[in-house]
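Reader: I would like a close look at how the strands are arranged, and then at what surrounds the ligand. Please go through it piece by piece.

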Amino acid sequence: MTATIVIVAGIFLAEYVARIWAAPESARYAGMTDTAARLRWACSISGLIGLLAVVPAFAITTGSLRANSDASVIFCILWILKLGIHAPAMATLGRVIANERATLSSVLIIFIIILVSAATATHMFERHVQPEQFGSIPAALWWGVVTLTTTGYGDVIPHTVGGKMIGSVVMVCGILVLALMTGILATGFSEEERRREYLRVWDQVTKVPMVTELGTVTLSEIVGKLRVRHYPPRIVVVRRDEPGDAMFFISEGEVEVRLPRDSVKLGQGGFFGEMALLDRLPRSATIVTTQPTTLLVLYASDFYAIASHIPSLVAAVEKEARRRRSENDDASKGAP
Ligand code: CMP
């Protein structure tokens, strides 16, 4: 146990020193001197937790803290907290709670109203039968929380008919409140993910001039329909003769278009996969990434949906598809 604590605290100490050292690089402390930035970070919540996480190693090695004392257990909790602070999921959860705070607090108020009313009513019915468990409203609150959260330990149960009736209502309300809470958080998470995807797409779209030239209003419409996909080298994105369900814009990297007779390279700003959507025919070529590549995917249903809204984009895509088709026809005619 002692050795483990010292090793873990040693790792955290190294991380703490590295973070202090790198603090001036953070955009949050832009414009500050190196020392001021480091001091600011050291005084931040993350800095203070980081410091507290390394304290036990010194305390244990100097013998002022026993390895399995209550204090060392608290430090274990701190370590978990420290891991949580840097986990992206915690940041997302924080943003979801901040975004949904108004709705969440309304549900919380409903929860408190039901809880206090139920505890008060059950106290009225049960106080003479079970004075220890329901003798006061605060005592009855424990039963209320256990029932309303649908935990149901069963350590305290109402004995009177009135108490049981209130218990039944509280159980149903508990399910409703939990369902509301779950719904709000689930919607919040999916909204947050949608927003992040939108920003990711926006970031990549700026590298495809053909799309950025469309103007801000049209651009914001198309950004909502694109999906970012990252591919390592030598991955087949599209296979010849397979049905086409999407077209792709290249925002980073390069792909090789493997045609029956030759091959062509397409780089940043280019696009492919449009012919199968326009002609409603199978893919005319196999397309493989030649380096790490980021593609913006426009699914067929969205392509057809924007065709009427953004004719300039579809016209540009059609023009290039015509050129490619005639190039391919010429190549196949010229072939022996
Ligand atoms: P699609 O047929 O859907 O799938 C293969 C894609 O390769 C095709 O759409 C075009 O986007 C692309 N492609 C076909 N021929 C050429 C060419 N001559 N030059 C560049 N790209 C091409």
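Author: One open sheet is built from four strands in the order β1-β8-β3-β6, with antiparallel pairing. Its edges are β1 (226-231) and β6 (271-272); each has a single partner strand, so one side of each is left without a neighbour in the sheet. Strands here are DSSP runs of E with at least two residues, helices are runs of H or I with at least four, and both are numbered from the N terminus. Two strands count as paired if DSSP finds at least two bridges between them. The model is a predicted one, in which local features need pLDDT of at least 70 and side-chain atom pairs pLDDT 80 or more, while totals for chains, interfaces and linings use all residues. Residues are numbered from 1 along each chain as its sequence is written, and side-chain values use heavy atoms, with hydrogens and water left out.

Within this sheet, β3 (residues 246-252) and β8 (residues 293-299) are antiparallel and share six bridges. Phenylalanine 248 has valine 297 of β8 opposite it. Across β3 and β8 lies helix α13 (residues 300-309), at about 65° to β8. That angle is taken between N-to-C directions on a scale from 0 to 180 degrees, with axes fitted to C-alpha atoms, for helices over the stretch in contact, contact being heavy atoms within 4.5 Å.

A further open sheet has four strands in the order β2-β7-β4-β5, again with antiparallel pairing. Here β2 (236-238) and β5 (263-267) stand at the edges with a single partner strand each, so one side of each lacks a neighbour in the sheet. On average, neighbouring strands of this sheet are turned by 30° against each other, direction ignored.

Strand β4 (residues 254-258) is joined to β7 (residues 286-289) by four bridges, and the two run antiparallel. Glutamate 256 faces valine 288 of β7, and valine 257 has isoleucine 287 of β7 as its bridge partner. With β5, strand β4 forms five antiparallel bridges; arginine 258 is partnered there by serine 263. A hairpin through four residues connects β4 to β5.

Now the ligand. It is surrounded by 16 residues, the closest being Gly273, Glu274, Arg283, Ser284 and Asn328; a residue belongs to these if one of its heavy atoms lies within 4 Å. By class, the shell holds nine nonpolar, three polar and four charged residues. Helices α12 (274-279) and α14 (311-334) each supply at least two residues of the shell.

Several polar contacts (pairs of N or O atoms within 3.5 Å) involve oxygen atoms of the ligand. A side-chain N or O atom of glutamate 274 is 2.5 Å from one ligand oxygen. A backbone N or O atom of glycine 273 lies 2.8 Å from a ligand oxygen, and a polar side-chain atom of arginine 283 lies 2.7 Å from a ligand oxygen. Taken alone the ligand exposes 460 Å², of which the protein buries 99%, by the Shrake-Rupley method with a 1.4 Å probe.

Terms used. A polar contact is a pair of N or O atoms within 3.5 Å; within protein, one must be able to donate a hydrogen and the other to accept it, and residues adjacent in sequence count only if both atoms are side-chain atoms. Ala, Val, Leu, Ile, Met, Phe, Trp, Tyr, Cys and Pro count as nonpolar, Asp, Glu, Lys and Arg as charged, and the others, Gly among them, as polar.
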